[in-house]
Amino acid sequence: MSAGPAVDPRGPRFAAVITTVVLAVVLITGWWPLLAVQTVVFAIGAFIGLKPAPYSLLYRYLVAPRLAPTSEREDAAPLRFAQAVGFVFALVGTVGYATGVTALGIVATAFALFAAFLNAAFNFCLGCEMYLLIRRVAPSQAS
């Protein structure tokens with residue numbers, strides 16, 4: 001069961017690099033409006049789809065044309081789940097910073113940064129692995 005067409009796995013890794021930089025800037029500066037923007041980026045990827053997500057668009061139009069084509073593809077469902085997990089952490093972080101509960105903002109942002117960094121540096125998508133584990137533990141009844 002897929003959440004859409006399969007995607008070039010280099011795109012999500014590219015998005016993870018940008019996300020890592022954005023979240024690191026938020027942690028260094030405490031500038032929560034940037035985290036709010038990242039929250040919207042996560043929301044688009046999770047709830048609308050990967051194709052219209054801003055970092056996907058950057059990859060598709062600016063990066064992919066400069067790379068050799070690949071036949072490798074990944075299912076979009078785990079990636080969208082990972083975006084939803086990122087959305088939750090970024091939303092909690094944004095609320096924490098915006099309401100003055102800075103420690104909550106820092107911790108939630110740091111968790112999101114950790115996951116993004118794992119994907120960017122080691123090609124390990126923590127949210128994707130969570131999705132697969134959940135699917136194994138609680139398989140869909142619709143099969």
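1. Let us start with a term: a contact means heavy atoms within 4.5 Å. With that in hand, look at alanine 108, which touches Phe89, Val92 and Gly93, leaving aside residues up to four places away in sequence. Please keep in mind that this is a predicted model, where local features need pLDDT of at least 70 and side-chain atom pairs count only at pLDDT 80 or more, while totals for chains, interfaces and linings use all residues. Residues are numbered from 1 along each chain as its sequence is written, and side-chain values use heavy atoms, with hydrogens and water left out.

2. Where does alanine 108 sit? Its place is helix H5; helices (H or I, at least four residues) and strands (E, at least two) are DSSP runs, numbered from the N terminus. Is alanine 108 buried or exposed? Alanine 108 is buried because its relative accessible area is 5%, and buried means under 20%, exposed over 50%, and partly exposed in between (1.4 Å probe, protein chains only). Glycine 86 is 22 residues from alanine 108 along the chain, and the C-alpha atoms of the two are separated by 9.6 Å.

3. Next, follow how helices H1 and H5 meet. Two packed helices are described by the angle between their axes and the distance between the axes. For H1 and H5, the angle is about 145° and the axes are 8 Å apart. Here the axes are lines fitted to C-alpha atoms, for helices over the stretch in contact, and angles run from 0 to 180 degrees between N-to-C directions. The H1 and H5 crossing is left-handed, a name used if the near helix is turned anticlockwise from the far one by less than a right angle (right-handed if clockwise). On the H1 side, the residues that meet H5 include Ala16, Thr20 and Leu23; among their partners in H5 are Ile106, Leu113 and Ala120.

4. Threonine 19 is a good residue to click on in H1, which covers residues 10-29. Threonine 19 is buried because its relative accessible area is 5%. What does threonine 19 touch, not counting residues up to four places away in sequence? The answer is Gln38, Phe42, Tyr55 and Ala116. Ala116 also appears among the H5 residues that meet H1, and Thr19 is among those in H1.

5. Two valines in H1 make a useful pair to study. Valine 17 is in helix H1 and counts as partly exposed because its relative accessibility is 40%. Its C-alpha atom is separated by 27 Å from that of valine 101, 84 residues away along the chain. Valine 25 is also found in H1, and it is partly exposed because its relative accessible area is 34%. Valine 25 touches Gly30 and Leu34, not counting residues up to four places away in sequence. From valine 25 to leucine 35 is ten residues in sequence and 9.1 Å in space, C-alpha to C-alpha.

6. Now turn to the surface. Phe114, Phe117, Phe122, Phe124, Leu126, Met130 and Ile134 form a nonpolar patch there, with about 650 Å² of accessible area together. Helix H5 (102-122) and helix H6 (126-137) are the elements that give two or more residues to the patch. Patches are made of residues with over 30% relative accessible area and no salt bridge; like charges are joined within 9 Å, and nonpolar side chains (Val, Leu, Ile, Met, Phe, Trp, Tyr) within 5 Å. The accessible areas come from the Shrake-Rupley method with a 1.4 Å probe, and for residues only the protein chains shown count as cover.

7. Two patch members deserve a look of their own. Phenylalanine 122 is in helix H5 and counts as exposed because its relative accessibility is 56%. Phenylalanine 114, in H5 too, counts as partly exposed because its relative accessibility is 47%. Alanine 24 is 90 residues from phenylalanine 114 in sequence, yet 9.7 Å away in space, C-alpha to C-alpha.

8. Asparagine 123 lies in the loop between H5 and H6. Most residues other than glycine have a negative phi. Asparagine 123, although not a glycine, has a positive phi of about 55°.

9. How many salt bridges does the structure hold? It holds one, where a salt bridge is a side-chain nitrogen of Lys or Arg within 4 Å of a carboxyl oxygen of Asp or Glu. The partners are arginine 10 and aspartate 8 (2.9 Å, N to O). Arginine 10 is partly exposed at 29% relative accessibility, whereas aspartate 8 is buried at 14%.
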